[in-house]
Amino acid sequence: MLRHEFQPGRLIAGAVLAATGVLSLGDAYGAWRTPWFLVAPMVGGGLCLAALTGLVAGAMRRGRRRTPRAPYAERPDT
């Protein structure tokens, strides 16, 4: 059994930020040269993609749980 529900938006955000960190680390150690204009769009685009994925996954999760509700007059008083 899973300890928590799967959240694909966080997976994408983590993967993009980890890849950006690896690129920056390789540039810092001189293994390769990373252009300065690559990092900001990569982080910004990855976070936007993660947000979009999170919204879609949340909408799908809410849509699956939604059950038809009885009209107000037929609801029991609580």
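The following exchange concerns a predicted model and looks at helix H1 and the residue Thr20 within it.

Visitor: What distance separates the end C-alpha atoms of H1?

Guide: H1 runs over residues 8-28, and its 21 residues, taken at 1.5 Å a residue, should span 30 Å. The model agrees with that expectation, since the end C-alpha atoms of H1 are apart by 30 Å.

Visitor: How wide an arc around the axis do the buried residues of H1 cover?

Guide: The buried residues of H1 are Pro8, Gly9, Ala13, Val16, Thr20 and Gly26. They lie on the same side of H1, because around the axis they cover an arc of only 165°.

Visitor: Which exposed residues does the face of H1 turned away from its buried side carry?

Guide: Buried residues of H1 include Val16 and Thr20, and the face in question is the one turned away from that buried side. The exposed residues carried there are Arg10, Leu11 and Ala28.

Visitor: Is Thr20 buried or exposed, and which backbone oxygen lies 2.8 Å from a polar atom of its side chain?

Guide: Buried means under 20% relative accessible area, and Thr20, at 7% relative accessibility, therefore counts as buried. Its side chain has a polar atom at 2.8 Å from a backbone oxygen, and the residue that supplies this oxygen is Val16.

Visitor: Which residue of helix H2 that touches Thr20 counts as partly exposed at 27% relative accessibility?

Guide: Leaving aside residues up to four places away in sequence, Thr20 touches Val39, Met42 and Val43. One of these is found in helix H2, which comprises residues 36-65, and also touches Ser24 and Thr34. At 27% relative accessibility, the residue that counts as partly exposed is Val39.

Conventions:
Residues numbered from 1 in each chain as written. Predicted model: local features only at pLDDT ≥ 70, side-chain atom pairs only at ≥ 80, totals over all residues. Heavy atoms only, no water. Helix = DSSP H or I, 4+ residues; strand = E, 2+ residues; numbered from the N terminus. Buried < 20%, exposed > 50% of the residue type's maximum accessible area, 1.4 Å probe, protein only. Polar contact = N/O pair within 3.5 Å; in protein donor to acceptor, adjacent residues only side chain to side chain. Contact = heavy atoms within 4.5 Å. Expected span 1.5 Å × (residues − 1). Arc of directions from axis to C-beta.
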